[in-house]
Amino acid sequence: MAQIVPLDQLLIQILNGVINGMIIALVASGLTLIFGIMDVVNFAHGEFYMLGAYVGTTVLALTHSFWLALLAASLVIFILGGAIQVTTLRPLLGRDPLTSLLATFGVSLVLQQYALWQYGPVTRQIGEPFKGQFPLFYISYPWYRIVVAGLSGAIVAGLWLFLKRSTYGIWIRATTQDRVMAAAMGIPVPMVHTAVFGLGTAMAGASGVLVAPLVGVDFTMGLQVIIRAFIVVVVGGMGNLGGSVAAAIFIGLLEALASIWVSPVIAVLVSFAVLILTLLVRPHGLFAPTPR
Amino acid sequence: MSGPAILPATHAQAPSAAAGRRAFWAGFAVVVGVLAVAPVVLPPFWRALLTEILIWGLLGMSSDLLIGYTGMVSFGHSAFFGLGVYGAAAALLAFRPSLWLALALGLLGAGIVAACVAYFATRLRDIYFSITTLVFSQIFYVIIFAWTPVTGGENGLTFHAPPLSVLGVGTPFTPVTLHWFVLAVVALAYLLCRRITQSPFGTVLKSIRENEARTRAIGYRVERYKIVAVMLSGLFAGLSGALYALMNKFAAPDHVFWVVSGEAVIYNVMGGIGTLAGPILGAGVFLFLREFLSRFFTTYYLIPVGIIFILIIIFLPQGLLGFARRRLNE
């Protein structure tokens, strides 16, 4: 028999869902950025997220500054992502898009095992950078979760502004529309690709640092996030930034609400079901405009 | 994959079709003969590795039907493989210890999953197909992981191997007879796959790979062909799962986890897509590299293997077998 869910529990789960959605949105917007501009499905995206978290914990242990850790991790992952793009993806330009999917799958194997080798199998817990909590109905809710959601939203909004307003953003969008024409206009297309891959992976790295206090850091955390990010990107419409954010919040909410009734392991199935329904009804994405 | 179609060497270089067929059967007999003699002379460790190579090679070959012949990269083969393992486990635990029942239920399990995946995933192309198959394999992973009363959950299931029974005569499996049995199944599966890919049906699959829009314009029902291709591929993957269950006598959620699908893709890329025999060679290279490199890198052997994998993608897009064939033709 179905029980009536109290309103306060419902509201708490809605808040949880939105926050989880914002975190996934940050990972997924890096993924969708890379796909939209380069036609590359970055299978290693979860691994950059995981390595970002590790770099963050290392810097945090050295400097005791969370903001410095966030900045350093983003920078390190930006450089790592750029280096990997130059060495493994640039030679594959012009080949079948599936080739780059396979290459990034290889990268993910290497990075994941590297993390295991470098940092060991034990999960690392780091404390929340601020301990403050506020009362919310019958529980006290940590401020940090609110901050994480806010920061994730700010980074995604910053990316959107960067793409819309800045010169480099115009370069990137021009490259998306017509690679050959952009090159003819003097835009350094290979550089744009490297920078975009670095930027997308850096967003994953930043998101890894942000969630590290919430979930703990271990070498499999990339595996756990990548499939959800894929779902969000497909449901939102591949390469569609706004769609990804909407889809991330939508799926975050659904999973949070589902976990009122079933265990979180089963709640994951809800997002799988959303993906399948999306593919049946609107294969180009639930939150994307219908292609002409 | 785009690029020049990789024709079987027997077609490309033979002066006549009959000579090509003779060369193929001679080569096939030599390879099967060597693999049949090997377990008698090899020490137990290498014998077991060889049996395992054949089983994983069958998984890689099933995946090649999609990757190499239809142009669809599946990251969901772990679901077919895993349900093959669990299907065999169900037969051995819930019914009677019969070899053929185990294989049949393994195929049934994989077939049901394959029908489900085929219906939904074949509506999509390229990376969307890859992602959807990946998500499907995770659905089955979550179900098997969470449904503890039936599947044993995280601990999995252990069981005993059935006797090797042919025409009513049964003897317990020894490592050598198990190897021979696996070899016979894999060799038959290879011939069947080869027949499928050379049939008119297989030719339509290749034309879907080369140009899907044109194939549809000619009047072929592309979706139906894709559904059948995924079903066939899933059944062969389930067969390899059932063989794996016979060999290792346990079923665990890890067999359904998508890492298994990833390894099937690695076998294909290493050995050569669109060659059928290539993925078996690829599985051999992968498992051999694993054994060899883990002496230097212990459990981190995937770091060098991953780098070799990337180098093969960049420099040898046809894989080892495709590369060897091209060198021989020159």
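## Close-up views of a predicted model

**View 1. Six residues of helix H11(A) are tucked away from the surface.** In H11(A), the buried residues are Val268(A), Ser271(A), Val274(A), Leu275(A), Thr278(A) and Leu279(A). Looking down the axis of H11(A), you will find its buried residues within an arc of 130°, so they line one face of the helix. Keep in mind while exploring that this is a predicted model. A general point helps in reading this view: an α-helix has 3.6 residues a turn, so residues three or four places apart point the same way. Turn to the other side of H11(A) and you meet Leu280(A) and Val281(A), which are exposed.

**View 2. Both chains help to cover the buried residues of H11(A).** From chain A, the cover includes helix H9 (221-236) and helix H10 (241-261). Chain B joins in too, with helix H5 (99-121) and helix H6 (126-146) among the covering elements.

**View 3. Helix H11 of chain A, from end to end.** How many residues does helix H11 of chain A have? There are 18, running through residues 264-281. At 1.5 Å a residue, they should span 26 Å, and the end C-alpha atoms are indeed 26 Å apart, which agrees.

**View 4. Phe297(B) sits in helix H13 of chain B.** Helix H13 covers residues 277-297, and Phe297(B) belongs to it. Is Phe297(B) buried, exposed or partly exposed? With 16 other C-beta atoms within 10 Å, Phe297(B) is partly exposed. Setting aside neighbours within four places in sequence, its contacts are Ile303(B) and Pro304(B). For a sense of scale, pick out Pro163(B) as well: Phe297(B) and Pro163(B) are 134 residues apart in sequence, and their C-alpha atoms are 39 Å apart in space.

**View 5. Chain B, the setting for Phe297(B), is built from 15 helices and four strands.** Its radius of gyration is 19 Å, close to the 20 Å that the globule rule gives for 330 residues, so chain B is as compact as a globular protein of that length. The C-alpha trace of chain B spans about 50 × 45 × 45 Å along its principal axes. Of the 330 residues in chain B, 47% are buried. Among contacts in chain B with a separation of 6 or more, 76% join residues 24 or more positions apart.

**View 6. Confidence along chain A.** The mean pLDDT of chain A is 84, with 97% of its residues at 70 or more. Where in chain A is confidence lowest, and where is it highest? Strand E1 (residues 133-136) is lowest, at a mean of 76, while helix H3 (residues 66-89) is highest, at 91.

How values were computed:
Residues numbered from 1 in each chain as written. Chains lettered and ligands numbered in written order. Predicted model: local features only at pLDDT ≥ 70, side-chain atom pairs only at ≥ 80, totals over all residues. Helix = DSSP H or I, 4+ residues; strand = E, 2+ residues; numbered from the N terminus. Buried ≥ 20, exposed ≤ 12 C-beta atoms within 10 Å, placed from the backbone. Contact = placed C-beta atoms within 7 Å. Expected span 1.5 Å × (residues − 1). Arc of directions from axis to C-beta. pLDDT = per-residue confidence, 0-100. Rg over C-alpha atoms; globule rule 2.2 N^0.38 Å.
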